[in-house]
Amino acid sequence: MPGNDGVVADTSPLLNLALIGRLDLFRSQFDSIIITETVREELLAGEDAREPLETFIDSDIVGVEQPTRDDLVREFRSRLDAGESTAIALAIERDASLVLIDERDGRQVARRHELPVTGIIGVLLRAADQGRIDIESELDSLRQVGFWIGEDLYDRAIDAVENDG
């Protein structure tokens, strides 16, 4: 499904897919991903999955930019963390085709600004539809690294793939 330009990512989808060793799913779904300098710093702040994240960030698929609309970043910071705030501001500036963000508040702000959003579950569902992964196994892996997935969402994701196939 490459061909989706203008995809802006927040920290969580990248970090969590790195933790389960599935950063390859981004390359199979997107031609490019843009992150902000703030998101890059958040990704590299810890030791978890640092090496694969560094390699991914330095690859030809990832671009790093910073939003120029400080007013938007300040507005969003009243409700969101720095990575989410800069990612959404950049997505607005670039009229992004998609924002990759997991946190509920961030998704609400992005939608309020008419930005299409998906998160790590959406990326996994696409990969499962393409026959690249076993959705249940990957959801279990996410849970093992501490990513919270409610039972209802877990069941709906598995059902969606089973009912598609």
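Select helix α3 (residues 37–44) together with helix α4 in this predicted model. The two helices pack at an angle of about 155°, and their axes are 9 Å apart. Angles over 145 degrees count as roughly antiparallel, and α3 and α4 are therefore roughly antiparallel to each other. To display the contact itself, show the side chains of R40, L43 and L44 on α3, and those of R50, L53, E54 and I57 on α4. By class, this contact comprises 4 nonpolar and 3 charged residues, with no polar ones.

**Along helix α4**

Keep R50 and E54 in view, for both belong to helix α4 (residues 50–57). Which interaction does R50 form with E54? The two form a salt bridge, with the closest N and O atoms 3.0 Å apart. They are 4 residues apart in the helix, which is about one turn. Colouring by accessibility would show R50 as partly exposed, at 27% relative accessibility. E54 is likewise classed as partly exposed, with a relative accessible area of 31%.

**A second pair within a helix**

Move next to helix α10 (residues 151–164) and select R156 and D152. Their side chains meet in a salt bridge, at 2.9 Å from N to O. What is the separation of R156 and D152 along the helix? They are 4 residues apart, so about one helical turn lies between them. R156 is partly exposed, its relative accessible area being 49%.

**A network of charged side chains**

Over the whole structure, a search finds 10 salt bridges. Select R22, D24 and E138, which are linked in a network of salt bridges. Side chains of opposite charge can pair when their charged atoms come close. Within the network, the side chains of D24 and R22 meet at 3.1 Å, N to O.

Is R22 buried or exposed? R22 has a relative accessible area of 16% and is buried, because buried means under 20%. D24, at 41%, is partly exposed. E138 is found in helix α9 (residues 135–144) and counts as buried, at 9% relative accessibility. To see its surroundings, display I20, R22, L124 and I133, which E138 touches when residues up to four places away in sequence are not counted.

**The sheet and the helix across it**

Now show the strands. In what order do the 5 strands of the open sheet lie? They run β3-β2-β1-β4-β5, and the pairing is parallel. Strands β3 (62–65) and β5 (117–118) stand at the edges; each has a single partner strand, so one side of each is left without a neighbour in the sheet.

Zoom in on strand β4 (residues 98–100), which is joined to β5 by 2 bridges and runs parallel to that strand. Here, V99 can be selected opposite V117 in β5. Then add helix α6 (residues 82–94), which lies across β1 (7–9), β2 (33–36), β3 and β4. Helix α6 runs at about 130° to β2.

**Helices α1 and α8**

Select helix α1 (residues 11–19) and helix α8 (residues 120–129). How far apart are their axes? The axes are 9 Å apart, and the helices pack at an angle of about 55°. That angle makes α1 oblique to α8. For the contact, show P13, N16 and L17 in α1, which meet I120, V123 and L124 in α8. The residues of this contact divide into 5 nonpolar and 1 polar, with no charged residue.

**F26 and its surroundings**

The final stop is F26, in helix α2 (residues 24–29). At 0% relative accessibility, F26 counts as buried. Which residues is F26 in contact with, leaving aside its neighbours within four places in sequence? The contacts are P13, L14, L17, I33, F56, I61, L100 and V123. P13, L17 and V123 also take part in the meeting of α1 and α8. To end, draw a distance between the C-alpha atoms of F26 and D71: these residues are 45 residues apart in sequence and 30 Å apart in space.

Key. Residues are numbered from 1 along each chain as its sequence is written. This is a predicted model: local features need pLDDT of at least 70, side-chain atom pairs count only at pLDDT 80 or more; totals for chains, interfaces and linings use all residues. Side-chain values use heavy atoms; hydrogens and water are left out. Buried means under 20% relative accessible area, exposed over 50%, partly exposed in between (1.4 Å probe, protein chains only). Contact means heavy atoms within 4.5 Å. A salt bridge is a side-chain nitrogen of Lys or Arg within 4 Å of a carboxyl oxygen of Asp or Glu. Two strands pair if DSSP finds at least two bridges between them. Axes are lines fitted to C-alpha atoms, for helices over the stretch in contact, and angles run from 0 to 180 degrees between N-to-C directions. Angles under 35 degrees count as roughly parallel, over 145 as roughly antiparallel, 65 to 115 as roughly perpendicular and the rest as oblique. Ala, Val, Leu, Ile, Met, Phe, Trp, Tyr, Cys and Pro count as nonpolar, Asp, Glu, Lys and Arg as charged, and the others, Gly among them, as polar.
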